[in-house]
Amino acid sequence: MATIASAEQADTEVPAKAGRPPGRRRRWAAWRWAVLLIAAVFFGIPLYSGLKFAGFKAFTQVIGYQQFGSAFALSLRLALIATVLTLVLMVPTSVYVHLRLPRTRRFMEAITILPIVIPPIVLIIGVLKAAPGFLIATPNLLGLEYVILSMPFAYRSLDAGLRSFDVRTLVEASNSLGAGWPTTLWRVVIPNLRTAIMSATVLTVALVLGEYTMASLDNFQTFPVWIVNFEQNSGPVSVAASLLALFVTWLLLMLIVTVGSRSARKHGGAQVTLFSVGIQQVSRTRGESE
Amino acid sequence: MADSMTEVAVPEAGASGTRPGRFSVLLRAGLRWVGVLPFGVYVALGLAVPTIAIAIGAFQNSSTGAATISNIDTAVHGTYLTGLETSLELSAITAIAGGIFGLFIAYAIQTAKRGTVLRRIVITLSGVFANFGGVPLAILFIAALSTTGVVTGWIADVFNGFDIWNHGFTLYDLRGVAIVYMYFQVPLMVLVILPALEGLRPAWREAAHNMGAGTWHYWRYVGGPVLFPSFLGCLLLLFGSGLSAYATAEALTGGTIALTPIQIGSLLNGNVLAGQQNLGYALGLIMIAIIAIVMILYTLLQRRAARWLR
């Protein structure tokens, strides 16, 4: 398995690296740094202001603050429900689409992007209108809807993962060695998708830990709703809590992507960075032209 | 695109030739879709059914349940029309400005060396910030740009006590909300445009370069035309994302800015007169109709983009 992948990388990495004449890179550098500097200022200053507003003490007070525990526990429970369901639903679906229905990938992309553009406030009022009473009574309904909301990010990251290695060859090899579909999925496809699955997980958790609209209209005090409810009487603690959540999520994502690309370097294979694949375009075009 | 045409045409030709073949072809085609059935059912239940419920509710009288178009009528007049216009304006501004800024950031890290720490940081931060919003985001900007904010103070220090709030700046109107929206629109653009940028092959650039094209000519005749449909498609996504945002504007302005999602929220929260939730459904239906148009355009643009990318 590793040999197949590394042979492919050896094939593809050379043209990718030889991409740009060195002279041009230097000329680009100036505006590149200018753009990134502006971005750093725009995204950094509000963060800095928030940190200053919260103050150091607030960070130590977050855990143990009134009702923080129960709100955070509820959010974690919803995150667990949403993550498990997302993976169980999206991993086999995206693998299947990749192998059997490659022509419908564009259609899948359009379907899975819908939750970004459909207003959550519209979706939740429809859900509350249509869902059976026994579901509305529990916060689990939110968990079920978060699966829908996480689809755009989960599907894209899984799709990028599937494009980063030659699924078809590995699956055919596994099948011809006598492995059935469940074995192939569990022991061949999923290990290769590890980075993508972890990114999808973290993005789903991040979404659940930040989703306010649906939770507030459904009248459950999740972590984001708690932040709003307690912002009035303790602003600094609320800000500290949300900054903490933001930072931990980012740290996790960074860890996954770093470890993922390190193992990609070691075992060969393209690098996956959340939604995009490093070195894969060249090999695909070559495959098509042959 | 030509490939997909031939693939569709082939089984049909075979089926019309031999009669028993048709059934097995149909059966096989049907079986191929079984694999996406669980996904399809989930999306139908979680996305389609709620949408249909809203569509039905939009045409019902709140108290009697009788069929009526008065909800829709109210939704396209007066304050609700203003709200819709403001929403569209806000979404368009943040989509275009955020889209251009996001494109530059994405291109900057795309042309940087692959797998560098910088690239990883920008992409992971984009993943986190694209999901950031609501009260926490509003508070960050209030801490930075309100009358007593950090940045307001800096500007006053540097320019001899110049107070931007006395010179027409406010965080709580359309422009203020637009600035705050950029905080999730720009990262979203970085994430969605990156795959398209990666589709631009270095070989094209080299070929253009070898034929004597400079940077401007490359972008005017090669890179630009290839990228343009994807770019427009991503702008449409940002437009939809801006249209659907609720929590941030609500938190920032306390619901005082007239945006359709906020109006829906207040109708459904019972802050306005009771028995008006069907008006909320009607507003929701109008938003869905706008989103439907946006998505049709998006799909067409994606198809156009696929001619060269991937």
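Tutor: A helix here is a DSSP run of H or I with at least four residues, numbered from the N terminus. Keep in mind that this is a predicted model.

Student: Thanks! Which elements does chain B run through from the N terminus on?

Tutor: Count by type to begin with: chain B has 14 helices and zero strands. Read from the N terminus, the order of its elements is therefore α-α-α-α-α-α-α-α-α-α-α-α-α-α.

Student: Is chain B a compact globule or more spread out?

Tutor: For 310 residues the globule rule gives 19 Å, while the radius of gyration of chain B is 25 Å. The C-alpha trace spans about 80 × 70 × 30 Å along its principal axes. Because 25 Å is well over the value from the rule, chain B is more spread out.

Student: What percentage of the residues of chain B count as buried?

Tutor: A residue is buried if 20 or more other C-beta atoms lie within 10 Å of its own. Among the 310 residues of chain B, the share that counts as buried is 42%.

Student: Now the two chains. How is H5(A) oriented relative to H3(B)?

Tutor: H5 of chain A covers residues 120-130 and H3 of chain B residues 37-58; their axes are 7 Å apart, at an angle of about 85°. Angles of 65 to 115 degrees count as roughly perpendicular. So H5(A) is, relative to H3(B), roughly perpendicular.

Student: How many residues of that contact between H5(A) and H3(B) are nonpolar?

Tutor: On the H5(A) side, the residues include Val122(A), Leu123(A) and Ile125(A), and on the H3(B) side Val49(B), Pro50(B) and Ile54(B). The contact also has three polar residues and one charged, and the nonpolar ones number nine.

How values were computed:
Residues are numbered from 1 along each chain as its sequence is written. Chains are lettered from A and ligands numbered from 1 in the order in which they are written. This is a predicted model: local features need pLDDT of at least 70, side-chain atom pairs count only at pLDDT 80 or more; totals for chains, interfaces and linings use all residues. Helices (H or I, at least four residues) and strands (E, at least two) are DSSP runs, numbered from the N terminus. The radius of gyration is taken over C-alpha atoms; the globule rule is 2.2 Å times the number of residues to the power 0.38. A residue is buried if 20 or more other C-beta atoms lie within 10 Å of its own, exposed if 12 or fewer, and partly exposed in between; C-beta atoms are placed from the backbone. Axes are lines fitted to C-alpha atoms, for helices over the stretch in contact, and angles run from 0 to 180 degrees between N-to-C directions. Angles under 35 degrees count as roughly parallel, over 145 as roughly antiparallel, 65 to 115 as roughly perpendicular and the rest as oblique. Two residues are in contact if their C-beta atoms, placed from the backbone, lie within 7 Å. Ala, Val, Leu, Ile, Met, Phe, Trp, Tyr, Cys and Pro count as nonpolar, Asp, Glu, Lys and Arg as charged, and the others, Gly among them, as polar.
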